[in-house]
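Let's walk through this fold together, strand by strand, and then look at how the side chains settle in. Here is the model to keep open while you read.

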Amino acid sequence: LIATDVGRPVGHIVSNLVGYDRLVEDVQGVLDSLIPKEVEVQTRAGSWYLLRMMPYRTLDNVIEGAVITFTDITEIKKAQLALQESESMRRLAVVVRDAHDAITVQDLEGGILAWNPAAQRMYGWSQAEALAMNARDRIPESRREKELTILKRLDCHSVPEPYRTQRLARDGRIVEVSLTTTPLVNEAGKVYAIATTEREVGP
């Protein structure tokens with residue numbers, strides 16, 4: 001709201017809320033039923049608010065309109081998303097552990113978050129060692145720039161086809177692999193980590 005909105009019909013006020021265009025209808029519903037209503041809404045800037053609509057009663061117990069309040073719940077929503085991501089990572093960890101192919105999960109900076117037993121057998125690093133590494137340390141220097149560029153371009157709408165590449169083993173060997181990358185996306189539609197499936201292939 002801005003100063004010039006004072007005195008204007010609610011329906012004439014330009015909203016920057018994403019996916020919510022029922023303010024007039026919802027306010028009218030509150031006035032008709034006298035039942036308060038709450039809606040979680042998000043702005044285009046990414047902030048979240050709890051929108052409350054309540055009947056406005058005068059001291060004479062007469063309904064003269066509605067009171068609309070916005071409570072900032074951005075931090076609460078962030079905490080909820082973090083918990084959901086944590087639960088997703090827990091379920092993913094079970095799949096990663098039991099898979100026959102080498103599976104890794106890395107954050108957007110390349111820090112390794114998950115490393116399954118098959119990856120340990122293929123490359124020689126233990127889980128503890130791998131979790132202290134960055135994914136770039138496993139890419140031969142001649143391929144590093146190109147492959148990091150591919151990873152940076154991943155988004156929720158692009159899943160590259162499996163491709164053949166190379167990875168370094170703990171003993172210095174170069175391992176030929178078929179690699180599949182999968183972006184992990186949270187409920188806000190943002191990529192928060194990248195999973196890779198790696199299978200050793202012949203020369």
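Two strands pair here if DSSP finds at least two bridges between them. With that in hand, and bearing in mind that this is a predicted model, start with the open sheet of five strands: its order is β5-β4-β8-β7-β6, and the pairing is antiparallel. At the edges sit β5 (112–115) and β6 (163–168), each of which pairs on one side only. Going from one strand to the next, the twist averages 35 degrees.

Take the β6 edge to begin with. Six bridges hold β6 and β7 (residues 174–185) together in the antiparallel sense, and R164 has S178 of β7 as its bridge partner. Now look for helix α5 (residues 141–152): it lies across β4 (102–107), β6, β7 and β8 (191–200), and it runs at about 120 degrees to β6.

Over at the other edge, β4 and β5 pair antiparallel over three bridges, with V105 facing its bridge partner A114 in β5. These two strands make a hairpin with four residues between them, where G110 takes a positive phi near 95 degrees.

Just past β5 you hit N116, in the loop between β5 and α3 (117–123). Is N116 buried or exposed? It counts as buried, because its relative accessibility is 2% and the cut-off for buried is under 20%. The side chain of N116 also has a polar partner: it reaches the backbone nitrogen of A119 at 2.9 Å.

This neighbourhood leads straight into the packing. In soluble globular proteins, nonpolar side chains tend to be buried together. The largest nonpolar core in this model has 14 residues, and W115, M122, Y123, V175 and V177 are those with the most contacts inside it. At least two residues of this core come from each of β5, α3 and β7. If you click on W115, you'll find that its contacts beyond four places in sequence include I103, Q120, Y123, W125 and R138. There is also a second, separate core of eight residues, with Y20, V39, V41 and L51 among them.

Next, the strands that come earlier in the chain. β1 (residues 37–42) and β2 (residues 48–57) pair antiparallel over six bridges, and K37 is matched with M53 in β2. They form a hairpin with five residues between them, and G46 in the turn has a positive phi of about 100 degrees. β2 then goes on to β3 (residues 63–72), an antiparallel neighbour joined to it by nine bridges. Here R57 stands opposite I63 in β3. The hairpin of β2 and β3 also has five residues between the strands, and N61 takes a positive phi near 65 degrees.

Finally, the rings. A pair of aromatic rings is described by the distance of the centres and the angle of the planes. How many aromatic pairs does a search of the whole structure find? It finds two. In one, the centres of Y49 and F70 are 6.3 Å apart and the planes are at 85 degrees, so the pair is edge-to-face. Y49 in β2 and F70 in β3 are 21 residues apart, so to speak of the chain, this pair links distant parts of it. Y49 counts as partly exposed at 24% relative accessibility, and F70 counts as partly exposed at 45%. The other pair is W115 and Y123, with centres 5.9 Å apart and planes at 40 degrees, so it is tilted. Both W115 and Y123 are buried.

Methods. Residues are numbered from 1 along each chain as its sequence is written. This is a predicted model: local features need pLDDT of at least 70, side-chain atom pairs count only at pLDDT 80 or more; totals for chains, interfaces and linings use all residues. Side-chain values use heavy atoms; hydrogens and water are left out. Axes are lines fitted to C-alpha atoms, for helices over the stretch in contact, and angles run from 0 to 180 degrees between N-to-C directions. Contact means heavy atoms within 4.5 Å. Buried means under 20% relative accessible area, exposed over 50%, partly exposed in between (1.4 Å probe, protein chains only). A polar contact is a pair of N or O atoms within 3.5 Å; within protein, one must be able to donate a hydrogen and the other to accept it, and residues adjacent in sequence count only if both atoms are side-chain atoms. A nonpolar core is a set of buried Ala, Val, Leu, Ile, Met, Phe, Trp, Tyr and Cys residues joined through side-chain atoms within 4.5 Å. Rings of Phe, Tyr and Trp (its six-membered ring) pair if their centres lie within 6.5 Å; planes under 30 degrees apart count as stacked, over 60 as edge-to-face and the rest as tilted.
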